[in-house]
Amino acid sequence: MILTDTHTHFYYEKDAEKRVVLMQRCLENGVERLFLPNVNLATITLVSDVCAQFPQNCFPMLGLHPCDVKAEAEEGLMNYQQELLAMRPLLKTGNFVAVGEIGIDLYWDKTTLAIQQEAFSMQIDWALQMDLPVVIHSRDAFDEVFEMLSSKQNGKLRGIFHCFTGSLQQAEQLIELGFFLGVGGVVTYKNSGLDQVLANVDLRHVVLETDSPYLAPVPYRGKPNESRYIIHVAQKLADVKQIPVEEIAKITTENSKRIFGI
């Protein structure tokens, strides 16, 4: 059984030896494929280092996270325009498998909506130009994100709506637009209602993720998440669909191959 974590910040562990231990735990639990989204210019090197350490298991993405879209440079950091300008040539020369994670986040700061939209639009264009999938971050911003994706859909735009926690109607909207739903630990939470939504979604449109070290599934909720815990997400989905967990692993891993091409 091969499990695929389509969204993990595995690189937040900066100690190479500790990463070896974490990876061994993954492999012991069948988690052989990990896809790593960076969040800003500074994390590109971290992602690249991990992918170089585990080239058979870890695959890099590149993008500017909406929470890192800053209008003004602060504490020696670049503003969003400078970061995007520095990222663009790296995307052309690296072996990145997706543009992400990108999107809109209105949970923390609604005042930056306009520049978040600008950065989001620009990075979607990068993906279209390079025929890469996108990995979408959306928090308190479904309508804004969906409007942007709809406006950019030219038949080639594709990718994952990361950490999907929405309604069945929203799931159907995204699927119709050509996107996969990234399902993580939230599906194991008692009152999330996500299990009921996914009961009505064909597995052809679903991939698994952890968003490690965040959003750990039950029974580890409230503790640091690890990619190996994706087995609990898979098992919950297997319970919902009333099929073996091995079948969940097979279908969602095949879906990830369709998205990323590897």
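In this predicted model, Pro213 sits in the loop between strand 8 (206–208) and helix 8 (230–241). The peptide bond that leads from Ser212 into Pro213 is cis. Its omega is near 10 degrees. Pro219 is also placed in the loop between strand 8 and helix 8. Here too the preceding bond is cis: Val218 and Pro219 are joined with omega at about 15 degrees.

Backbone geometry stands out at two aspartates as well. Asp131 has phi near 55 degrees, a positive value in a residue other than glycine. Asp131 belongs to the loop between helix 4 and strand 5. Asp140 is not a glycine either, yet its phi is positive, at about 55 degrees. The loop between strand 5 and helix 5 (142–152) holds Asp140. Asp140 counts as exposed because its relative accessibility is 52%, and the cut-off for that class is over 50%.

The largest pocket encloses about 660 Å³ of space. Its lining comprises 25 residues, of which Asp105, His137, Arg139, Cys163 and Asp211 are the closest to the pocket centre. Strand 4 (99–105) and strand 5 (134–139) each contribute at least two lining residues. Strand 5 gives the most, with three. The lining of this pocket is mixed in class: eleven residues are nonpolar, eight are polar and six are charged.

A search of the whole structure for cavities of 30 Å³ or more returns one. The volume of the largest cavity is about 50 Å³. Its walls are formed by Cys163, Phe164, Gly182, Val183, Gly184, Gly185, Val186, Glu209, Thr210, Asp211 and Leu215. Five of the cavity-lining residues are nonpolar, four are polar and two are charged. Cys163 and Asp211 appear in this cavity lining, and both are also among the residues closest to the centre of the largest pocket.

Helix 3 covers residues 80–93, 14 residues in total. From first C-alpha to last, helix 3 reaches 21 Å. That span is close to the 20 Å expected at 1.5 Å a residue. At the start of helix 3, Asn79 makes a side-chain to backbone contact: a side-chain oxygen of Asn79 comes to within 3.1 Å of the backbone nitrogen of Gln81. Buried positions along helix 3 are Tyr80, Glu83, Leu84, Met87, Arg88 and Leu91. Charged residues occur in this buried set, including Glu83 and Arg88. The buried residues of helix 3 pack against helix 2 (44–53), strand 4 and helix 4 (113–130). Strand 4 thus figures in two settings: strand 4 packs with the buried residues of helix 3, and strand 4 supplies part of the lining of the largest pocket.

Thr253 lies in helix 9 (residues 245–260). Thr253 is classed as buried because its relative accessible area is 4%, against a limit of under 20%. A polar atom of the Thr253 side chain lies 2.9 Å from the backbone oxygen of Ile2. Leaving aside residues up to four places away in sequence, Thr253 touches Ile2, Leu3, Thr4 and Arg33. Ile2 is therefore both a contact neighbour of Thr253 under the 4.5 Å heavy-atom limit and the residue whose backbone oxygen faces the polar side-chain atom at 2.9 Å, within the 3.5 Å limit for a polar contact.

Terms used:
Residues are numbered from 1 along each chain as its sequence is written. This is a predicted model: local features need pLDDT of at least 70, side-chain atom pairs count only at pLDDT 80 or more; totals for chains, interfaces and linings use all residues. Side-chain values use heavy atoms; hydrogens and water are left out. On a 1 Å grid over the protein atoms alone, a cavity is a set of points where a 1.4 Å probe fits but cannot get out, and a pocket is an open set with protein on both sides within 12 Å along at least five of seven lines; lining residues have an atom within 4 Å of a point. Grid points are joined across faces, edges and corners, and a volume is the space filled by probe spheres set on the points. Helices (H or I, at least four residues) and strands (E, at least two) are DSSP runs, numbered from the N terminus. The expected span of a helix is 1.5 Å times one less than its number of residues. Buried means under 20% relative accessible area, exposed over 50%, partly exposed in between (1.4 Å probe, protein chains only). A polar contact is a pair of N or O atoms within 3.5 Å; within protein, one must be able to donate a hydrogen and the other to accept it, and residues adjacent in sequence count only if both atoms are side-chain atoms.
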